[in-house]
Amino acid sequence: MGETQHRHAVFSFGYSRSADQDASAPVRHPVIIVGAGPVGLSGAIDLAQRGIPVVVLDDADRIGEGSRGLCYSKRCLEILDTLGAGEAVAGKGVDWKLGKVYFHDQEVYEFDLLPEPGHKMPAFVNLQQYYLEKYLVERVEQLDIVTVRWRNKVTAVEQDADGVIIDIETPEGPYRLVADWLIAADGANSTLRRLMDIEFVGETFRDQFLIADIRMEADFPAVRRFWFEPPFHNGQSTLLHKQPDNVWRVDFQIGWDADPKEETRPEKVRARLDKMMQGRPYELEWVSVYTFQCRRNEHFLYDRVIFAGDAAHQVSPFGARGANSGIEDTHNLAWKLALVLKGEAPASLLGSYDLERIQAAETNIGHSTRSTDFLVPKSPGDKRLRDAVLDLAREFPFARRMVNSGRLHTAAHYDSPLTTPDSDEFDGTVALGDPAADAPLVDAAGKPVWLLNALSPDFTLVRVADGNRPNVPEGVTLITIGDDLNDASGLFKARYDATPGACYLFRPDQYLTARFRSYDRSRVEAALKRARGEMNG
């Protein structure tokens, strides 16, 4: 990130001394998380809800530097819902599902990210990151086994055979802690990554973008509006998003050679905005310049230190893949780490975090790289091709699939050894290795229930009624469609190709890990062992 300035309320937290600082020897904790951003806080809540005590360390003591993270996807909202923050985020945020793409001053086409009904959460919500962090901190404060220590900066890290030793600097001097497991969620400029001498692998793009939050009364629709070469911005791209509190986010492409200090001068920023707003009054609230990378760590798991979010991988902001993928990281990790700490799964299960989330990171990096190549053509020939695609897209649907103003984030699919391959044929829209697709259901009293809210935080077997009530393995919650809950809309049947007797095993992170046309306890037990990392093949 480059130069920044901001004018809005921040949420401050005071430093307080912990009992650990007065201990005669370093105190040991099951999990320590470094970084109290959306990724670290989400991971802490997820683990705490599974009974795992967590200490979160952060070197700052406030949140509120501009909107930063902005767009939260349906899958991210669904995860936040399991953490007790989804409804607050969706309620405060601006929900949207339509995007419009412009070339020069003409609309090329619009797209709908959630054309089908029957989902609790919207396709996307726009919300300033400081609100998300505020809701997560409030949720943490409700959990007795999570402690956030502000102005605690990690200065050294060392591993031994069974733990991680960290040195911490505070306003009252240094102290030392030991963790069974350490989660590095300390952002793009990760201190943990630097201390462990871990290098990113990938590409830094030679372009810069100016972002501004402006406060204004406007009747612009709550859609994602993206311009290629608009007349108000000298032939470079521009993005506009609506946020709560009459705040709007504008991204201007400014080129690699632009001077960040010069570009963030208020008079220079206002000159750009004045051309775009054409006389509409506004207040400038926050300004920053950023470059971006599409890079990742070679691994996300380094013995007992686990990387998540921007500390593990970085992508272009176009497509909303940063915070969304980071929160998916900790949702993938938390249930596995909880099982390991409780002695209910082997430590090797954590290898699947490395494998699955690197798959997701590679997918995100690929999408981000292609988006950036389309936004910033590398040669005159590439630009002619890009402009021809945009011209054709006005009339021809095939060309619209080639337009890339930032492919929007969707949930990761896992090709995982934890998944039991199909032995029966299934159609529907949900594949093995996908997260559960929501569906509206009704309980026995006629009360509406969403499928995702009905799933257990542990393993869940969802079964379609056929007159039998099987005895499921220990650790599995049984939900019977047709008995416990009814599929009045038919959307569960359509999305899962559900037939009488069919059963679907969901992991604690709501991923579909096995499915069968009829219940067989031995097959379900084998799938459960596999999903817990207890067997190979």
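Helices (H or I, at least four residues) and strands (E, at least two) are DSSP runs, numbered from the N terminus. This is a predicted model, in which local features need pLDDT of at least 70 and side-chain atom pairs count only at pLDDT 80 or more, while totals for chains, interfaces and linings use all residues. Residues are numbered from 1 along each chain as its sequence is written, and side-chain values use heavy atoms, with hydrogens and water left out.

**Figure 1. The whole chain, for orientation.** Let us start with the overall picture: the chain has 14 helices and 31 strands. Its radius of gyration is 24 Å, close to the 24 Å that the globule rule gives for 537 residues, so the chain is as compact as a globular protein of that length. The radius is taken over C-alpha atoms, and the rule is 2.2 Å times the number of residues to the power 0.38. Along the principal axes, the C-alpha atoms fill a box of roughly 70 × 65 × 45 Å. Of the 537 residues, 57% are buried (buried means under 20% relative accessible area, exposed over 50%, partly exposed in between, with a 1.4 Å probe and protein chains only). Contact means heavy atoms within 4.5 Å; among contacts between residues at least 6 apart in sequence, 71% join residues at least 24 apart.

**Figure 2. Close-up of the aromatic pair F13 and W150.** A search of the whole structure finds 23 aromatic pairs. Rings of Phe, Tyr and Trp (its six-membered ring) pair if their centres lie within 6.5 Å; planes under 30 degrees apart count as stacked, over 60 as edge-to-face and the rest as tilted. F13 and W150 form a stacked pair, with 4.4 Å centre to centre and 5° between the planes. This pair links distant parts of the chain, 137 residues apart: F13 sits in the loop between β2 (11–12) and β3 (27–34), and W150 in strand β11 (residues 146–150). Both F13 and W150 are buried.

**Figure 3. Close-up of the aromatic pair F492 and Y504.** Here the rings of F492 and Y504 are edge-to-face, at 5.9 Å centre to centre and 90° between the planes. The pair links helix α13 (residues 491–496), which holds F492, with strand β30 (residues 503–506), which holds Y504; the two residues are 12 apart. F492 and Y504 are both buried. They also belong to one aromatic cluster with F426, Y496 and F506.

**Figure 4. Close-up of R151 and D497, with their positive phi values.** Most residues other than glycine have a negative phi, and most peptide bonds are trans. R151 has a positive phi near 60° and lies in the loop between β11 and β12 (153–160). With a relative accessible area of 39%, R151 is partly exposed. D497 is not a glycine either, yet its phi is positive at about 50°. D497 is found in the loop between α13 and β30, and at 22% relative accessibility it counts as partly exposed.

**Figure 5. Close-up of helix α2 (residues 74–82).** Eight of the nine residues of α2 are buried, so this helix is largely enclosed by the rest of the structure. The buried residues are K74, R75, C76, L77, E78, I79, L80 and D81. After α2 comes G84, with a positive phi near 85°.

**Figure 6. Close-up of H233 and the residues that it touches.** H233 lies in the loop between β17 (224–228) and β18 (238–243). With a relative accessible area of 2%, H233 is buried. Leaving aside residues up to four places away in sequence, H233 touches T238, F252, Q253 and R272.

**Figure 7. Close-up of two loop residues, A347 and P377.** A347 is in the loop between α8 (322–341) and α9 (351–375), and it is partly exposed at a relative accessible area of 45%. The C-alpha atoms of A347 and E262 are separated by 51 Å, with these positions 85 residues apart along the chain counted as their separation. P377 is in the loop between α9 and α10 (380–393), and its relative accessible area of 24% makes it partly exposed. Not counting residues up to four places away in sequence, P377 touches D382, K383 and R386. P377 and A212 are 24 Å apart in space, C-alpha to C-alpha, and 165 residues apart in sequence.
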